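Let's take a walk through this structure together, one piece at a time. Keep the view open beside you as you read.

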Amino acid sequence: MSDYTLYSYFRSSCSARLRIALNLKSIPYDLVPVNLVKDEHLSESHKALNPSKTVPLLICHKARGGDFKIGQSVAALEFLDEVHPQTPLLPPATDPETRAVVRTLVNVICADIQPVTNMRVMRRVRALGGSAEDWNRELMTDGLAVCEAVMKDSAGRYSVGDEITMADACLMPAVWNAQRFGVDVKAFPTVMRVFENLEQHPAVVKAHYFSQPDTPKELQSQ
Ligand SMILES: N[C@@H](CCC(=O)N[C@@H](CS)C(=O)NCC(=O)O)C(=O)O
């Protein structure tokens with residue numbers, strides 16, 4: 001058994017953030033699939049583990065006091081970075097300005113874009129008679145425009161400078177989602193340049209939606 005267990009869904013952007021970070025840091029983990037389409041995340045047993053009724057859930061089996069559960073992806077990213085400082089996901093503490101830029105992008109993606117395009121929100125939009133796909137396309141377009149505006153000044157090879165950070169771990173699945181919903185991603189040239197620089201990175205390839213143990217056969221990467 002690995003020191004970590006990740007509860008994950010193949011096409012969950014929040015789960016992919018953690019898969020990318022774990023892979024970047026070469027941290028082995030066991031994966032427990034949670035099928036969102038079958039509402040497994042709403043079960044009493046999942047709720048007992050993660051009161052947010054969402055994935056990802058990261059369990060660290062070697063924490064002080066034994067198993068330690070983290071039910072929020074950004075908290076888990078920061079935990080991993082603090083416990084495993086090799087391949088850091090934030091610039092050094094001596095550079096608070098650059099750290100704030102990384103955190104700005106993380107917040108744009110994780111606090112502004114993802115929550116309003118989540119499955120539970122899509123279900124509510126449909127219940128009100130709206131098109132959840134149009135809703136997502138518009139909100140993802142707005143959010144990526146903010147990323148583009150920030151990254152025009154911050155990006156080097158990656159979102160902020162030339163080192164991979166947690167902003168990149170959040171950006172990749174946000175772009176996968178945007179592509180899935182038909183957003184015109186080419187309208188964001190800096191975002192796309194960084195996306196292309198990261199796309200073939202082994203940590204990203206291994207974390208991709210289509211390479212997971214719970215990816216349906218017809219979507220699996222060959
Ligand atoms: N703020 C949470 C959001 C988690 C979240 O919304 N996860 C999605 C998958 S990406 C989910 O489980 N959705 C279930 C639902 O919408 O019912 C985090 O960053 O972990």
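A good place to start is the hairpin of β3 and β4, which has 2 residues between the strands; there, Gly 65 takes a positive phi near 85°. Helices (H or I, at least four residues) and strands (E, at least two) are DSSP runs, numbered from the N terminus. Before going further, please note that this is a predicted model, in which local features need pLDDT of at least 70 and side-chain atom pairs count only at pLDDT 80 or more, while totals for chains, interfaces and linings use all residues. Residues are numbered from 1 along each chain as its sequence is written.

The two hairpin strands, β3 and β4, pair in the antiparallel sense over 4 bridges; two strands pair if DSSP finds at least two bridges between them. Within this pairing, Phe 68 in β4 is the bridge partner of Cys 60. Cys 60 also appears on the β1 side, as the bridge partner in β3 of Tyr 4. Strand β1 (residues 4-8) and β3 (residues 57-63) pair in the antiparallel sense, over 4 bridges, and here Tyr 7 stands opposite Leu 57.

What is the sense of the pairing between β1 and β2 (residues 30-33)? These strands run parallel, joined over 4 bridges, with Pro 33 in β2 as the bridge partner of Ser 8.

Now put the strands together. The 4 strands form an open sheet in the order β2-β1-β3-β4, with mixed pairing. Because β2 and β4 (66-70) stand at the edges, each with a single partner strand, one side of each is left without a neighbour in the sheet. Neighbouring strands of the sheet are turned by 20° against each other on average, direction ignored (axes are lines fitted to C-alpha atoms, for helices over the stretch in contact, and angles run from 0 to 180 degrees between N-to-C directions). In β1, 4 of the 5 residues are buried, so this strand is largely enclosed by the rest of the structure. A residue is buried if 20 or more other C-beta atoms lie within 10 Å of its own, exposed if 12 or fewer, and partly exposed in between, with C-beta atoms placed from the backbone.

Helix α1 lies across β1 and β3, running at about 150° to β1.

Next comes the ligand. It is surrounded by 15 residues, and the closest are Ser 12, Thr 54, Ser 73, Met 119 and Arg 120. The elements that give two or more residues to this shell are α1 (13-24), α3 (73-83) and α5 (119-127). By type, the shell divides into 7 nonpolar, 7 polar and 1 charged. Here Ala, Val, Leu, Ile, Met, Phe, Trp, Tyr, Cys and Pro count as nonpolar, Asp, Glu, Lys and Arg as charged, and the others, Gly among them, as polar. A residue is near a molecule or strand if its C-beta atom, placed from the backbone, lies within 6 Å of it.

Finally, look at Val 205, in helix α9 (residues 202-207). Val 205 counts as partly exposed because it has 15 C-beta neighbours inside 10 Å.

Note on methods. Two residues are in contact if their C-beta atoms, placed from the backbone, lie within 7 Å.
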